[in-house]
Amino acid sequence: MKEKMDNIKNAALEMIEKATTSHELVDVRVKYLGKSGEISLLMRDMANVPKEERPNMGKMVNELRNAVESVLNEKTAKIEQEEKLARLKAEEIDVTLPSGAKELGTLHPLTLITRELIDIFTSMGFSVAEGPEIESDLYNFQLLNVPKDHPARDMQDTFYVNDNIVLRTQTSAVQARIMQKQQPPIRIISPGKVYRSDDDASHSPIFNQFEGLAIDKHITMGDLQGCLQTFAEKLFSKDTKVRLRPSYFPFTEPSVEVDVTCSMCHGKGCRVCKGTGWVEILGAGIVNPAVLDMCGIDSSVYSGFAFGFGIDRIAMIKYGIPNIKLLYENDVRFLKQFN
Ligand code: PHE
């Protein structure tokens with residue numbers, strides 16, 4: 001019995017001595033001092049000890065338990081302190097270092113281009129006008145010389161709210177509203193959202209248009225051409241040329257479609273201009289006298305020009321964006337490129 005106790009004591013002390021982590025010390029505690037640990041089990045062997053020796057043996061087992069426990073406690077306290085210091089060291093932070101800068105958002109390319117367009121035209125004397133996106137058929141069509149059932153309605157796939165209300169298909173609706181309210185001289189631009197039931201790589205059911213309207217005495221096609229030439233030079237580059245081709249819109253007469261020399265290849269021919277050197281950017285014309293009269297402006301005294309283009313399309317041409325959908329997906333990897 002005595003020998004067994006000595007062996008246990010030596011083994012326990014050696015294990016404590018060799019332990020390097022608090023986990024290992026917990027193992028030692030379980031192995032020797034736990035409920036069915038080796039020292040606790042010694043008490044059971046007491047049954048085999050002659051009666052008269054039992055008190056003495058019991059005392060010796062208790063001394064053994066105390067001896068092992070006190071060495072173990074001492075080492076545990078020491079190791080736990082070391083571990084705590086190591087943890088603090090690992091987690092150390094320098095609170096005097098400057099914090100990381102907050103990431104800033106950027107303006108959406110459509111916002112950037114719209115601001116640029118507004119700057120260009122306000123510098124030419126135009127001011128910004130706005131109208132509702134849910135618009136009456138009257139302003140979107142009828143006052144623009146497109147009566148109900150007119151075949152020109154087929155040019156625009158319209159979202160009808162009911163027979164008399166539409167999601168506006170064109171910012172031209174703002175033209176009629178302004179002409180009804182204001183006598184010439186008129187010089188307004190009107191950027192805003194428009195809606196058409198159309199959806200592919202270059203069409204989105206919601207997109208943005210930019211309208212221009214100038215009415216005064218003696219306004220001619222020459223004024224329109226000069227205005228658009230200045231616009232194209234400021235938006236793209238000084239060497240940009242503008243070309244007018246005959247076209248048709250119910251609210252302008254004559255009407256034109258307007259091309260500019262390709263800003264990518266400067267007219268040499270490339271993928272963007274499909275090899276032609278020209279890119280179509282807008283529709284325009286001399287305001288149809290019938291529209292002036294319907295909106296309360298005397299067409300025998302006044303004349304005007306109007307133009308309208310897609311802001312999205314201008315952004316796609318200017319920034320080389322291949323698909324209109326990129327403008328509406330809000331993928332930050334895309335949006336970050338337009339600082
Ligand atoms: N509103 C026309 C369209 O959406 C563009 C346009 C505006 C044409 C003004 C002529 C004058 O296609």
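**Rings, cores and a pocket**

Student: How many aromatic pairs does the count come to?

Tutor: This is a predicted model, where local features need pLDDT of at least 70 and side-chain atom pairs pLDDT 80 or more, while totals for chains, interfaces and linings use all residues. Numbering runs from 1 along each chain as its sequence is written, and side-chain values use heavy atoms, leaving out hydrogens and water. Rings of Phe, Tyr and Trp (its six-membered ring) pair if their centres lie within 6.5 Å, with planes under 30 degrees apart called stacked, over 60 edge-to-face and the rest tilted. By this rule, the number of aromatic pairs is 11.

Student: What kind of pair do the rings of Phe334 and Phe338 form?

Tutor: A pair of aromatic rings is described by the distance of the centres and the angle of the planes. Here the centres of Phe334 and Phe338 are 5.0 Å apart and the planes stand at 65 degrees, so this pair is edge-to-face.

Student: Is Phe334 buried or exposed?

Tutor: Buried means under 20% relative accessible area and exposed over 50%, with partly exposed in between (1.4 Å probe, protein chains only). Phe334 has 10% relative accessibility, so this residue is buried.

Student: Which helix holds Asn140, and why does Asn140 count as buried?

Tutor: Asn140 is buried because its relative accessible area is 0%. Its contacts (heavy atoms within 4.5 Å) include Glu135, Val166 and Arg168, leaving aside residues up to four places away in sequence. Helices are DSSP runs of H or I with at least four residues, strands are E runs of at least two, and both are numbered from the N terminus. The helix with Asn140, residues 137–140, is α6.

Student: Which element gives the largest share of the largest nonpolar core?

Tutor: A nonpolar core joins buried Ala, Val, Leu, Ile, Met, Phe, Trp, Tyr and Cys residues through side-chain atoms within 4.5 Å. The largest one has 43 residues, and Phe121, Phe231 and Phe309 are among those with the most contacts inside it. Elements that each supply at least two of its residues include α5, β6 and α8 (221–235). The largest share, six residues, comes from α8.

Student: Which residues does Phe309 share a ring cluster with?

Tutor: Not counting residues up to four places away in sequence, Phe309 touches nine listed neighbours, among them Leu117, Asn208 and Ile314. Ring pairs link Phe309 into a cluster with Phe121, Phe126, Phe210, Phe231, Phe305 and Phe307.
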